[in-house]
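User: Before I use this model for anything, I would like to go through the terms applied to it and see how each one is justified. Could you take me through them?

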Amino acid sequence: MAFSQESKTATIAIQSFEGATTSQLIWKRFRRHPGAMAGSVVLIGLILAVLLAPLSPYDPEKSNTNERFQTPSWQHPMGTDALGRDLLTRVLYGGRISITVGLMVVAITLSLGVTMGAVAGYAGGMADSILMRITDAALSLPSLLVLILLSAILREVEIPFFQRNSVLTIALVIGLLSWMTFARLVRATFLTLRELDFVTASRCLGASPFQIVVSHILPNAIGPIIVECTLELGYAIIEESGLSFLGFGIQPPTPSWGNLLSNAQENFIRYPWLAIFPGLMIFLTIISVNYIGDGLRDAFDPYKVLQKAGEL
Amino acid sequence: MAQYIVRRLAQAVVLLFLLSILFFALVNLAPGGPLAGYGQIRRMPPEQVAALKRQLGLDKPLPFQYLVWLVGNDWMKVDVDGDGLGDSLGTRQGILRGDFGNSFRSRKPVVDELNIRLPNTLYLMAVTMLVALGIAIPIGVISAIKQYSPFDIAVTTFAFAGQALPEFWLGLILILIFYVWLKNPLTGDPLLPVGGIYTIGTPFSIADRIAHLILPVAAGSLGWLAWYSRFLRSSMLDVMNQDYLRTARAKGLSQRAVMFKHGLRNALIPLVTLLALDLPYLFSGAVFIEMLFSWPGMGLFYYQAALQRDYPVLMAILIIGGISIVLSNLLADVLYAYLDPRIRYS
């Protein structure tokens, strides 16, 4: 029995490697993951809806006192809020803000974390110890509490480009407190990869450290980095919503999913839709992103897929 | 091992020292300065503000202020009446001796305020954790043993959903269901209470305490439950592929003994470590739950202090948060080495 299983594995390996590029293989494995496919469809739908928000006949910020607290109906699928604004329109515009903050945080943590991890992992020695001590220190910050403190301070001051907790301010604050996972991940991958022969070979051929890192090591570390990006997107959206829910994040009248929930607190007992829909959007986004991350993790790790399919 | 712990403790002290400098700098260099949250400061005439700053020692250079914050000023003359001259010995003892100053809002010592609230948070955290683990361990183990069974698929899906549910939204929805929609059939009151630890003005009753715990614990524990059940499932699956389990089975032990005596005990090792690492996050997650359910603990206190920029309170809780993270990291490493004899630190 053990024998037949082994040969079966070998056939699968041959079949799946024949005539396909790496990205084709990854895509093939990703498609096998039902959760990841469903997550992708939902997320793409959400992003399209959010992009098409301006098609809504209602204004997201202008109040309309004749239409306060309308129950969900065909005119207002999610009802209206305390100022008579269409909740669906606000949720869609809020989604733009929340998703933008999420993507910006990913960009910030990615560039900061990858740079630090790459320098630490490739250079080693003194640079490595200093950067890793900084990472340790950052990891021992009670991040949610610091996040609250920073945004509570920034909420009340005027600094050029950072007006009163704009999208950029919030993204920077969240990003500054969450690049550490990337740094550690990239460092660990680099420590292994830099010892491999192809790196030595390109060093002998006269490649500069920058060239080696960018064109030889990074492409080989891309899998875990992409997976971490999706997870980070989820965390960032939850963190922004939490911060805005507490009132320290994006400030009204600009809607974000978090501050829609925050505003709902006053009236949700009588008008429950105010609390239900914005939270549902957060939930849908996070669960899709997490499933996509899971699918990508499996897709970049062929051993795991075979194991899951019971073929290994 | 003892040597390792001593070295780690020394590193922890250095790290905490750096964190204290960071927090101090953050508050003092923040626009508006450290007095931004000090009551009527905005309506005071400038001379009075200057006098107040002298009284509080804020006219001194920052490194000196940091030193006073750290070790106190009971060894030097301070300017009590704000006229610019030292009068008598100070009364502050510094955070190293546990004196975090007075809250701007209540004017009472921060330590006294924390002493009232810390037990409430620990109480909520402990119950939340017990509930999360009490459910996560059995379902994690069963779903690993019955991998790919309908039960396993249900648990995995539930774990994904649970991790994607923000606790503040879950809290709102639970309030809607159990406070607004469902009523007690006998009295017509809301089915479950949503504020505080007990009903104010009634004698102590266990039932009342438990009723007040249900919703905050449910909202707070679901995410952890999802996370731990997922973690334990994969940790159990790892263990199940180990040689020592095959050996145990080959010895002729029953499936039950193999799984629970050899499997589960080894699968729990990483979970214990993870628990130690997660403790501080439980503490900060309490901000949302305590705010939603008006639970008079550290999280709610921090939230209120942040709204009013009550810096002495914020600094105290940040320092405590930093200490708990550093210590729990150390605890995790020590526990790991203790529980798994294959691991040796040098």
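Analyst: Two residues are in contact if their C-beta atoms, placed from the backbone, lie within 7 Å. By that criterion, and leaving aside residues up to four places away in sequence, A:Leu147 touches A:Val173, A:Ile174, A:Leu177, A:Glu239 and A:Leu243. Please keep in mind that this is a predicted model.

User: What makes A:Leu147 part of a nonpolar core, and which residues have the most contacts inside the largest one?

Analyst: A nonpolar core is a set of buried residues of types such as Leu, Ile, Tyr and Ala, joined through C-beta atoms within 7 Å. The largest such set has 130 residues, and A:Leu147 is among those with the most contacts inside it, together with A:Ile148, A:Leu149, A:Leu261, B:Tyr302, B:Ala306 and B:Leu314. Helix α13(A) supplies the largest share of this core, 14 residues. A second, separate core of 17 residues includes A:Ala118, A:Ala120, A:Phe190 and A:Ala221.

User: Which residues of helix α7 in chain A are buried, and what covers them?

Analyst: The helix spans residues 167–176, and its buried residues are A:Thr169, A:Ile170, A:Ala171, A:Val173, A:Ile174 and A:Gly175. Their cover includes α4 (87–123), α6 (143–154) and α11 (222–246) of chain A.

User: Why is B:Arg309 called buried or exposed, and what is said of its backbone?

Analyst: A residue is buried if 20 or more other C-beta atoms lie within 10 Å of its own; B:Arg309 has 23 C-beta neighbours inside 10 Å, so it counts as buried. Its phi is positive, about 50°, although B:Arg309 is not a glycine, and its place is in the loop between α10 (298–307) and α11 (311–339) of chain B.

User: How do you know whether B:Tyr148 is buried or exposed?

Analyst: The limit for an exposed residue is 12 or fewer such neighbours, and B:Tyr148 has 11 C-beta neighbours inside 10 Å, so it counts as exposed. B:Tyr148 also has a positive phi, about 65°, without being a glycine, and it lies in the loop between α4 (110–145) and α5 (150–164) of chain B.

User: Why would a positive phi or a cis peptide bond be pointed out, and where is the cis bond?

Analyst: They are pointed out because most residues other than glycine have a negative phi, and most peptide bonds are trans. The peptide bond from A:Pro252 to A:Pro253 is cis, with omega near 10°, and A:Pro253 belongs to the loop between α11 and α12 (257–267) of chain A.

User: Why is chain B called more spread out than a compact globule?

Analyst: For 346 residues the globule rule gives 20 Å, whereas the radius of gyration of chain B is 26 Å, well over that value, so chain B is described as more spread out than a compact globule. Its C-alpha atoms fill a box of roughly 85 × 65 × 35 Å along the principal axes, and buried residues make up 32% of the chain. Chain B has eleven helices and two strands.

User: How many residues of each chain are in contact across the two chains, and which element of chain A gives the most?

Analyst: On one side there are 32 residues of chain A, and on the other 34 residues of chain B. Helix α13(A) gives the most to the chain A side, with eight residues. By class, that side has 25 nonpolar, five polar and two charged residues.

Technical notes: Residues numbered from 1 in each chain as written. Chains lettered and ligands numbered in written order. Predicted model: local features only at pLDDT ≥ 70, side-chain atom pairs only at ≥ 80, totals over all residues. Helix = DSSP H or I, 4+ residues; strand = E, 2+ residues; numbered from the N terminus. Nonpolar A, V, L, I, M, F, W, Y, C, P; charged D, E, K, R; others polar. Rg over C-alpha atoms; globule rule 2.2 N^0.38 Å.
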